[in-house]
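Hi,

Here is the structure I promised to pass on. Have a look first, and then read my notes below.

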Amino acid sequence: MARLTKLIREMPATVPFVGPEVIERERGRKFRARLGANESGFGPSPKVIEAMRAADAEVWKYPDSGSSELREALAAHHGVEPENIVVGAGIDGLFSTLAALMIDEGTPVVTSEGAYPTFNFSINGRGGALHKVPYVNDMEDPASLVAKAREVDAALVYLANPDNPMGGMHGPDVVARMVNELPEGALLLLDEAYAELAPKDMLPKIDANDPRVIRMRTFSKAYGMAGARVGYAIGAPELIAEFEKVRNHFGMNRSALIGAQAALADQGWLTHIRTEVRSARDRITEIARRNGLNALPSHTNFVAIEVGSPERAKAIITELAARDIFIRMPFAAPQNRCIRVSVGPREELDLFAEALPEVLKATDDLG
Ligand SMILES: *Cc1c(COP(=O)(O)O)cnc(C)c1O
């Protein structure tokens, strides 16, 4: 056996998410509706596909290790400098690099119980000490996060805004206050995976040079490029420069970088996607309502629906999977009284709408 680190030897086996393909293999059958991974079933801009196809012929080349053109385009888009931006293999990849930069064994980190799990995965992989506070009113709670950060002298505090898995969002004033109240020396990791789907006036305006915050964005959600694995962080140049020491410099797929640039250039597609996502969210909410269930308001590409208990949520997921419909649910109480349904094309939501009444009947005793 290889000489693993003490940390890894003592760590229990764990997976942050079981992907739909893994589930399909286990079942020996494909899903007909893929409504569980918050992907964009509406796909990327046709211009992205065209650009990536054209780029594929040059796949023999290594990617631009500095992602220079994409960083310049992102900087122009956000009105910041390229030195404020580092590109990585999705937000998940950037979590891992940030953890390499910041987490020693025992470094205190604060997040919420049941918040996005891949963040925890990266922190645990470095031996960080995760401290968790509960959601309040189905939202991650900035005041609790700040209080815990003070209590444990946190190096890093995590907030997803809009939030996954519940879909809610804090306005710009709440986030600005949170930044101001952070204890000295704490960094806020503001995960804005769904920012492009949120109303523009709800997004906090944060100075990219503010050393107290690092924001993360992705091409996986609104831009519909989850399989391409492109994300980026925006932060103070001093912090962004540190990524150079440990990041995987050639870890980006060349065609994906070119595709991301095409996606950014086609903001018209994003406008179209916002409309599609909003109407699909409304449709899911309406399907829930017709079945006597409450759907939570969402600023993302998914909707959390209350079904009464974690047992029932689990049973609903199993029953829907038996009908070839893939959805997920939150991991922790009290959020896990919900199921989480991602938006998707009309035909897939039709399948969900059709299956839900009988699935609810079959799981009625668990509500
Ligand atoms: C989907 C998601 C991510 C992961 O994004 P990638 O760029 O695909 O790694 C990160 N954070 C949240 C809150 C998400 O929902």
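How many of the residues of strand 7 (residues 213–218) are buried? The count is 6 of 6, so to speak a strand that is mostly covered. Bear in mind that this is a predicted model.

Both faces of strand 7 are covered. Val213, Arg215 and Arg217 sit buried on one side, with Ile214, Met216 and Thr218 buried on the other. That two-sided pattern fits a general point: in a regular strand, side chains alternate between the two faces of the sheet.

Now for the neighbours of strand 7. Strand 6 runs parallel to strand 7, and 4 bridges join them; Leu189, for instance, has Ile214 as its bridge partner. Strand 8 (residues 231–234) is antiparallel to strand 7, again with 4 bridges, and there Thr218 stands opposite Gly231.

Some of these names come back in the largest nonpolar core, which has 90 residues. Val87, Leu189, Ile214, Met216, Phe219, Val230 and Ile305 are the ones touching the most other members. There is also a second, separate core of 18 residues, including Leu145, Ala149, Val179 and Leu182. As for Phe219, its contacts beyond four places in sequence include Leu70, Leu74, Tyr232 and Leu264.

On to the charges. I get 22 salt bridges in the model. One joins Arg215 to Glu192, with the closest N and O atoms 2.9 Å apart. Arg215 is in strand 7 and Glu192 in the loop between strand 6 and strand 7, so the pair ties together parts 23 residues apart in sequence. Both Arg215 and Glu192 are buried.

Another salt bridge links Asp324 and Arg32, at 3.8 Å between the closest N and O atoms. These two come from distant parts of the chain, 292 residues apart: Asp324 is in the loop between helix 12 and strand 10, Arg32 in the loop between helix 2 and strand 1. Asp324 counts as buried because its relative accessibility is 12%. Asp324 and Arg32 also belong to a network of salt bridges with Arg27 and Arg29.

Finally, one residue to look up yourself: Asp191, in strand 6 (residues 187–191). Asp191 is buried but has no salt bridge. Which side chain of opposite charge is nearest to Asp191? That would be Lys221, 7.0 Å away. Among the residues that Asp191 does touch are Phe95, Tyr116, Tyr158, Asn161 and Met216.

Cheers

How values were computed:
Residues are numbered from 1 along each chain as its sequence is written. This is a predicted model: local features need pLDDT of at least 70, side-chain atom pairs count only at pLDDT 80 or more; totals for chains, interfaces and linings use all residues. Side-chain values use heavy atoms; hydrogens and water are left out. Buried means under 20% relative accessible area, exposed over 50%, partly exposed in between (1.4 Å probe, protein chains only). Lys and Arg count as positive and Asp and Glu as negative; His and the chain ends are not counted. A salt bridge is a side-chain nitrogen of Lys or Arg within 4 Å of a carboxyl oxygen of Asp or Glu. Contact means heavy atoms within 4.5 Å. Two strands pair if DSSP finds at least two bridges between them. A nonpolar core is a set of buried Ala, Val, Leu, Ile, Met, Phe, Trp, Tyr and Cys residues joined through side-chain atoms within 4.5 Å.
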